[in-house]
Amino acid sequence: MSMSGVVDLAAVKAAGEAKVKAEQARAEAARQGGGGAVPPSALVIDVDEAGFERDVLQRSAEVPVVIDFWAEWCEPCKQLGPLLERLAQEYNGRFLLAKVDVDANQMLMQQFGIQGIPAVFAVVAGQALPLFQGAAPEAQIRETLDQLIQVGEERFGLTGIAVDAAAAAAGPEGAEQGPAEVPAGPYDALLEAAVRALDANDFAGAVQAYKNVLSDDPANTEAKLGLAQAELLSRVRDMDPQQVRDDAAEKPGDVAAQIAAADLDLVGGHVEDAFGRLVETVRRNFGDDRDAARLRLLELFEVIGPEDPRVIAARTALARVLF
C-alpha cells in the first residue's frame with residue numbers, strides 16, 4: 001500500500017503539536033465557562049483532499065479517526081455508511097468518522113491504494129492502517145473498533161473527544177427533550193466499594209473493584225482514574241523511599257529503578273520530575289525496556305488527568321522521543 005504524501009514522520013510530529021494546541025484550547029474554553037465538548041453531529045465529518053491533514057492527520061492526535069471511502073453509486077456503501085454513522089454516535093467520542101467520496105477525491109483513493117469500495121481505514125496518531133473492505137457484519141465491525149480504540153489508548157494515550165451531553169439530549173432537531181432517565185447503574189456499588197477500600201488502605205481490594213467495572217465498561221472514566229491511583233498507591237506502599245532514590249541515582253541505566261523513582265516522585269507531588277524521568281528513560285532505551293517505561297508513563301498520565309498542562313507537555317515530549 002502506497003502512503004507517499006499522506007503519512008510521514010513530519011506529519012506525525014505535526015499531529016502531536018496539533019494535539020497540544022487542541023488541549024490548550026479546551027483548557028481555555030473550560031476557564032471561560034465552556035467544556036470544550038463537541039455536539040454529536042461533529043462525530044461524523046465529510047473530508048476532502050484539501051482538508052485531509054487538518055481533519056484527519058491532526059485530529060488523529062486526539063482521537064482515532066476511522067475513514068469510510070464511499071461513492072454514491074456503490075450499493076454496499078449505502079448499507080455500511082449508515083451503520084458506521086450510528087456506531088460513531090453510539091461510541092460517543094471514542095472515535096471520529098471521516099467520510100471520503102472517492103469520485104471527488106481520486107488522489108486520496110490512490111494514495112491509500114484502494115482497489116474497491118467500501119473500504120475502511122483508520123489513522124491513529126498520524127499512523128494509517130487498513131481495517132476492512134466491503135460491508136462487514138456489525139459484530140465484526142464492533143470488534144474491530146474496540147481493538148482500534150484499545151490500541152489508540154494503550155500505545156498513544158488517546159482517550160477520545162468529549163461530547164456535549166446537553167446537545168445529545170436535545171435530539172436531532174435541537175428541541176429540548178428533557179433530561180433522560182438515568183438508571184442507578186450496575187457499577188455504583190462497585191465504585192463505592194472501591195472508594196471505601198482506598199480509604200481503608202486496602203489497595204488490592206480497590207484495584208479489583210475498579211477492574212470489575214472496567215471489564216464490562218472499559219470507557220468508565222471514574223474507574224480508569226481510580227484504578228490508576230490504586231495501583232500507584234499499591235506499588236509505593238512497601239517501598240523504602242531512600243533506597244529507591246539511591247538506586248535511581250546510582251543506576252541511571254536501570255529502567256526498573258527509574259520507574260520506581262518516578263512512582264515516588266508522583267506520589268510526592270513532583271509531577272514534572274516523574275514525567276521527565278520516564279520520558280528520558282524512554283529516550284535512552286529500546287525494545288521491552290522502552291515499552292515498560294512508556295506504559296508506566298501512560299499510567300501516570302491517567303493518575304493526573306488528560307487535561308492537566310503537565311500531562312499535555314509530557315505527551316509532546318514523549319512524541320518527540322518516540323518519533
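**Strand 2 and its surroundings**

Let me begin with the pairing of strand 2, which is joined to strand 3, residues 96–101, by six bridges, the two strands running parallel. I should say at once that this is a predicted model, and everything that follows should be heard with that in mind. Within this pairing, phenylalanine 69 stands opposite valine 100 of strand 3. To get from strand 2 to strand 3 the chain passes through helix 3, residues 75–90, and the resulting β-α-β crossover is right-handed.

Strand 2 has another partner as well, since five bridges connect it to strand 4, residues 119–124, and here the two strands run antiparallel. In this pairing valine 66 is found opposite alanine 122 of strand 4.

How covered is strand 2, residues 65–70? The strand is mostly covered, with six of its six residues buried. In a regular strand, side chains alternate between the two faces of the sheet. In strand 2, Val65, Ile67 and Phe69 point one way while Val66, Asp68 and Trp70 point the other way, and all of these are buried, the aspartate included.

I turn now to the cysteines, where the count comes to one disulfide. Cysteine 74 and cysteine 77 form that disulfide, with their sulfur atoms 2.4 Å apart, which falls within the 2.5 Å cut-off applied to such pairs. The torsion about the S-S bond of cysteine 74 and cysteine 77 is about 80°, and the disulfide is therefore right-handed. Both cysteine 74 and cysteine 77 are buried.

Finally, some backbone details. Most residues other than glycine have a negative phi, and most peptide bonds are trans. Against that background, the peptide bond joining isoleucine 117 and proline 118 is cis, with omega about 0°, and proline 118 sits in the loop between helix 4, residues 106–111, and strand 4.

Which residues, then, have a positive phi although they are not glycines? One of them is alanine 125, with a phi of about 50°, located in the loop between strand 4 and strand 5, the latter spanning 127–133. Alanine 125 has a relative accessibility of 10% and so counts as buried, the cut-off for buried being under 20%. Another is asparagine 201, whose phi is about 60°, and which lies in the loop between helix 7, residues 188–199, and helix 8, residues 203–216. Asparagine 201 has a relative accessible area of 46%, and is therefore partly exposed.

Technical notes: Residues numbered from 1 in each chain as written. Predicted model: local features only at pLDDT ≥ 70, side-chain atom pairs only at ≥ 80, totals over all residues. Heavy atoms only, no water. Buried < 20%, exposed > 50% of the residue type's maximum accessible area, 1.4 Å probe, protein only. Helix = DSSP H or I, 4+ residues; strand = E, 2+ residues; numbered from the N terminus. Pairing = 2+ DSSP bridges. Right-handed = clockwise from strand over helix to strand, strands pointing away.
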